[in-house]
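Q: I have a structure open and I want to learn how to read it. Where do I start?

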Amino acid sequence: MGLAAQAHPDWTTPFPPHHVAGNIYYVGSQGLASYLITTSQGNILINSSLESSVPLIRESIEKLGFHFSDTKILLISHAHWDHCAGSAAIKEATGAHYMVLEGDAEVVESGGKADFQYGASPEAQYPPAKVDRVLHDRDEVRLGDTVLVAHLTPGHTKGCTTWTLKVQEAGQTYNVVIVGSPNVNAGYQLVNNAKYPQIAADYERMFRVLKSLPCDIFLGAHGDYFNLDAKYARLKGGAASPFIDPAGYKAYVAERETAFRAALAKQSAGRRGGAPR
Ligand SMILES: [Zn+2]
């Protein structure tokens, strides 16, 4: 899989903005999820995505009847270009406060150059953006009546973040989980990684955290984590709340953990099979 957006046409394909649940709206493209969380004190945007995504996100927000300029806080799922390259432009346009978890904060401020895997890949770099608040595991981000919790779910990046919040919908309270990324990318070295020695232990920690989170409404950094296309089709067909999917969340996390364990076993076996050096 290439790094460039051309390898992922869905990343730049517009998608209908829509209500998810409570005060959460989907404002991303088909492949790159962005979420608008509206409050009485302005709005929170999760994921600035590619530089070219910014006008699409703005348009989606405005189609829903909200104002891009009301974006007060900008958050990300993790410090990879497909989720954060547009941050500098969004900060510039809206004055939003950029809040990023420690481990990823250094990476976004370096424009991707500090990334352990892609730091030397020009196509993975983007305009650096200053972080206004460095977050730590389980820090809260508050705006109006909304409280988001930043869960450190590292491995995919050092500060990969899974966001949780509670929303009210039809008199019920639901736990929302926005998964940062549980994926082991092509080329990731899980064993003897000099740039990220604790990477395998971090993936282990991430799966422990994901399995511990109560989840009713399952969302993530890419639409394909939670079958956005199929759920949106059900929403359009009149289903009340297709995004409520606790079983889908559990199955997704279990499947991703199995994939991680297979990758780790393969890389560990490769090491053992090699000549001593
Ligand atoms: Zn990523």
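The dialogue below goes from the overall fold to the metal site and then to single residues.

A: Start with the source. This is a predicted model. Every value here is computed.

Q: How many helices and strands does the protein have?
A: Count the secondary structure elements before anything else. The protein has seven helices and twelve strands.

Q: How do I judge whether the protein is as compact as a globular protein of that length?
A: Compare the radius of gyration with the globule rule. The radius here is 18 Å, and the rule gives 19 Å for 277 residues. Those values are close, so the protein is as compact as a globular protein of that length. For its dimensions, take the principal axes: the C-alpha trace spans about 65 × 40 × 35 Å.

Q: What share of the residues is buried?
A: Burial is read from relative accessible area, and the cut-off is under 20%. Of the 277 residues, 54% are buried.

Q: What does the exposed surface consist of?
A: Look at the total area, then at the atoms that supply it. The protein exposes about 12,200 Å². Carbon and sulfur atoms supply 51% of that area.

Q: How far apart are the mean positions of the positive and negative charges?
A: Take the mean position for each sign, then the distance between the two. There are 25 positive and 27 negative charges, and their mean positions are 6 Å apart.

Q: What share of the contacts joins residues at least 24 apart?
A: Set aside pairs that are close in sequence, then ask how far the rest reach. Among contacts between residues at least 6 apart in sequence, 63% join residues at least 24 apart.

Q: Now the metal. Which residues coordinate the zinc ion?
A: List the donor atoms first. They are NE2 of His78, ND1 of His80 and NE2 of His156, at 2.1 to 2.2 Å. Then read the spacing along the chain: H-x1-H-x75-H. Histidine 78 and histidine 156 link distant parts of the chain, 78 residues apart. Histidine 78 lies in the loop between strand S5 (71–75) and helix H2 (81–84). Histidine 156 lies in the loop between strand S9 (146–152) and strand S10 (161–169).

Q: Are histidine 78 and histidine 156 buried or exposed?
A: Check accessibility for each one. Both are buried.

Q: Strand S9 comes just before one of those loops. What does valine 149 touch?
A: Place the residue first, then list its contacts. Valine 149 is in strand S9. Its relative accessible area is 17%, so valine 149 is buried. Beyond four places in sequence, valine 149 touches Arg138, Asp139, Glu140, Thr162, Trp163 and Thr164. Leucine 165 is 16 residues away in sequence, yet its C-alpha is 6.4 Å from that of valine 149.

Q: Arg138 is on that list. What is its phi?
A: Backbone angles deserve a check. Arginine 138 has a positive phi of about 70°, although it is not a glycine. Arginine 138 sits in the loop between strand S7 (133–135) and strand S8 (140–143). Its relative accessibility is 59%, so arginine 138 counts as exposed. Asparagine 227 also has a positive phi, about 60°, and is not a glycine. Its place is the loop between strand S12 (217–220) and helix H6 (228–236).

Q: Which residues does threonine 39 contact?
A: Use the routine from valine 149. Threonine 39 is in strand S3 (residues 35–39). At 16% relative accessibility, threonine 39 is buried. Outside its sequence neighbours within four places, threonine 39 contacts Leu143, Gly144 and Thr146.

Q: Take two loop residues. Is alanine 96 buried or exposed?
A: Do not guess from the word "loop"; read the accessibility. Alanine 96 lies in the loop between helix H3 (87–94) and strand S6 (97–101). At 2% relative accessibility, alanine 96 is buried. Its contacts beyond four places in sequence include Thr71, Ile73 and Asp132.

Q: And is glycine 187 buried or exposed?
A: Glycine 187 is in the loop between strand S11 (172–179) and helix H5 (199–212). At 61% relative accessibility, glycine 187 is exposed. Glutamine 117 is 70 residues away along the chain, but the two C-alpha atoms are separated by 8.2 Å.

How values were computed. Residues are numbered from 1 along each chain as its sequence is written. This is a predicted model: local features need pLDDT of at least 70, side-chain atom pairs count only at pLDDT 80 or more; totals for chains, interfaces and linings use all residues. Side-chain values use heavy atoms; hydrogens and water are left out. Donors are N, O and S atoms within 2.8 Å of the metal (3.2 Å for Na, K and Ca); water is not among the atoms, so sites may look incomplete. Helices (H or I, at least four residues) and strands (E, at least two) are DSSP runs, numbered from the N terminus. Buried means under 20% relative accessible area, exposed over 50%, partly exposed in between (1.4 Å probe, protein chains only). The radius of gyration is taken over C-alpha atoms; the globule rule is 2.2 Å times the number of residues to the power 0.38. Contact means heavy atoms within 4.5 Å. Accessible areas come from the Shrake-Rupley method with a 1.4 Å probe; for residues, only the protein chains shown count as cover. Lys and Arg count as positive and Asp and Glu as negative; His and the chain ends are not counted. The place of a charge is taken as NZ of Lys, CZ of Arg, CG of Asp or CD of Glu.
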